[in-house]
Amino acid sequence: MRKLYIIGIGAGNPEYVTVQAIKALNAVNVFFFLNKGEDKADLLLLRKEICERYIEGQSYRIVEATDPIRDLSIADYTARVERWHHERVLLYEALMERELGDEESGAFLVWGDPSLYDSTLRIIDQIAARGKIPFDYEVIPGITSIQALAARHRIPINGIGDSVLITTGRQLSASIPDNIEKLVVMLDGQCSFKTLPDQDYDIFWGAYLGMDDEVLLSGRLSETANTIETVRNELRNRHGWVMDTYVLSKRSEGK
Ligand SMILES: C[S@@+](CC[C@H](N)C(=O)[O-])C[C@H]1O[C@@H](n2cnc3c(N)ncnc32)[C@H](O)[C@@H]1O
């Protein structure tokens with residue numbers, strides 16, 4: 001039977017790849033690399049570098065395909081994402097059917113960890129449910145951008161015994177539950193931390209974590225927000241893309 005590995009490769013540094021991931025990489029015949037557009041060619045290169053660096057004495061094939069893009073003419077966000085997922089289901093299923101022999105192993109290398117803001121597992125689950133091609137699959141965890149951020153700033157993510165909210169820029173702009181002291185914000189193209197002017201937070205921000213171009217900034221939100229926005233804009237213009245994550249930590253009275 002075909003076997004599929006969904007391998008978390010960590011969020012940017014080839015040294016985030018785990019021993020378990022290396023073992024899985026060495027069991028793969030075909031890697032499926034989904035190209036997400038020119039600006040992110042660097043991310044494709046990192047995947048290739050990981051294969052070259054960690055696969056020893058085993059021949060493998062790389063199959064590249066272009067990931068479908070979201071249809072912005074669909075106004076409703078959920079409907080738009082569902083449509084996009086469906087197109088990816090059809091693409092991934094066709095790739096597996098065409099490129100993977102009955103007894104071969106294939107892999108999708110997922111940025112960071114597959115369980116965090118990534119749709120690969122949902123797509124694979126849908127392909128399995130359709131039952132068109134029988135296959136078994138295994139998920140290998142990876143180091144998330146959240147762990148990379150915490151390590152680089154040398155901070156714990158939670159207060160003692162407290163909850164942490166992991167959310168997106170889009171959600172942050174909408175509202176934050178009252179009892180939340182610490183938040184991790186991802187997928188924020190709009191610098192949504194600027195929408196919290198009355199709240200006293202510390203921010204721990206990181207871009208291109210684990211990569212050669214990594215940038216870290218931290219400080220009181222009210223004093224640092226403008227600098228982070230300016231730096232972020234400069235970085236995006238220079239590289240053509242930017243990935244950043246941050247922790248917001250509510251300051252206690254008198255701190
Ligand atoms: C589609 S999500 C993928 C998250 C990934 N699965 C993980 O485990 O980190 C992409 C978001 O992750 C964050 N991210 C991923 N890699 C990053 C990095 N190297 N530096 C900073 N943020 C990163 C950013 O917030 C980015 O918008």
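Is R83 buried, partly exposed or exposed? Select it and see: R83 is partly exposed, with a relative accessible area of 42%. Keep in mind as you click around that this is a predicted model.

**Stop 1: helix 3**

Stay on R83 and add E87 to the selection. Their side chains meet in a salt bridge, with N and O 3.3 Å apart. Both residues sit in helix 3, and because they are 4 residues apart there, about one helical turn separates them. E87 is partly exposed too, at a relative accessible area of 27%. In general, side chains of opposite charge can pair when their charged atoms come close.

Now pick H86, which is also found in helix 3. With 32% relative accessibility, H86 counts as partly exposed. Draw a distance from its C-alpha to that of Q126: you should get 8.7 Å, for two residues 40 apart along the chain.

Then run down to E99, in helix 3, which spans residues 77-99. E99 counts as partly exposed, at 23% relative accessibility. Add N29 to the view: E99 and N29 are 70 residues apart in sequence, while their C-alpha atoms are 10.0 Å apart in space.

**Stop 2: the loop after strand 4**

Select W111 next. W111 is found in the loop between strand 4 and helix 4. Is W111 buried or exposed? Its relative accessibility is 16%, so W111 counts as buried, the cut-off being under 20%. If you want to tie this stop to the previous one, draw a line from the C-alpha of W111 to that of R83: the two are 28 residues apart along the chain and separated by 22 Å.

The loop that holds W111 also holds Y117, lying between strand 4 (105-110) and helix 4 (120-130). Y117 is partly exposed, with a relative accessible area of 41%.

**Stop 3: a nonpolar patch on the surface**

Keep Y117 selected, add V164, I166 and L187, and switch on the surface. These four make a nonpolar surface patch of about 360 Å². Zoom in on L187, in the loop between strand 7 (182-186) and strand 8 (201-207). L187 counts as exposed, at 60% relative accessibility. Check its backbone as well: phi of L187 is near 50°, a positive value in a residue other than glycine.

For another backbone of this kind, jump to R154. Phi there is near 60°, again positive in a residue other than glycine. R154 lies in the loop between helix 5 (145-153) and strand 6 (165-168). At 78% relative accessibility, R154 counts as exposed.

**Stop 4: a salt-bridge network**

The structure holds 17 salt bridges. For this stop, select D200, D202, R220 and R251, which are linked in a network of salt bridges. Show the side chains as sticks and take R251 as your anchor.

Which residue in strand 8 pairs with R251? Look at D202: the side chains of D202 and R251 meet in a salt bridge of 2.7 Å, N to O. This pair links distant parts of the chain, D202 being in strand 8 and R251 in the segment after strand 10, 49 residues apart. D202 and R251 are both buried.

Now turn to the other aspartate named here, D200. D200 forms a salt bridge with R251 as well, the closest N and O atoms being 3.9 Å apart. Here too the pair links distant parts of the chain: D200 is in the loop between strand 7 and strand 8, R251 is in the segment after strand 10 (244-250), and their positions lie 51 residues apart in numbering. Compare how covered the two partners are: D200 counts as partly exposed at 31% relative accessibility, whereas R251 counts as buried at 18%.

**Stop 5: the second largest pocket**

To finish, clear the selection and pick G12, N13, P14, D42, L45, L46, E49, G210, M211 and D212. Together they line the second largest pocket. How much volume does the second largest pocket have? It comes to about 220 Å³.

Try coloring the lining by residue type. You should find 4 nonpolar, 3 polar and 3 charged residues. Among the charged ones are D42 and E49, while L45 and L46 are among the nonpolar ones.

How values were computed: Residues numbered from 1 in each chain as written. Predicted model: local features only at pLDDT ≥ 70, side-chain atom pairs only at ≥ 80, totals over all residues. Heavy atoms only, no water. Patch = residues over 30% accessible without salt bridge, like charges linked within 9 Å, V, L, I, M, F, W, Y side chains within 5 Å. Areas by Shrake-Rupley, 256 points an atom, 1.4 Å probe, with all protein chains shown as cover. Helix = DSSP H or I, 4+ residues; strand = E, 2+ residues; numbered from the N terminus. Buried < 20%, exposed > 50% of the residue type's maximum accessible area, 1.4 Å probe, protein only. 1 Å grid on protein atoms, 1.4 Å probe; cavity = no way out; pocket = protein on both sides within 12 Å on 5 of 7 lines; lining within 4 Å. Points joined across faces, edges and corners; volume = space filled by probe spheres on them.
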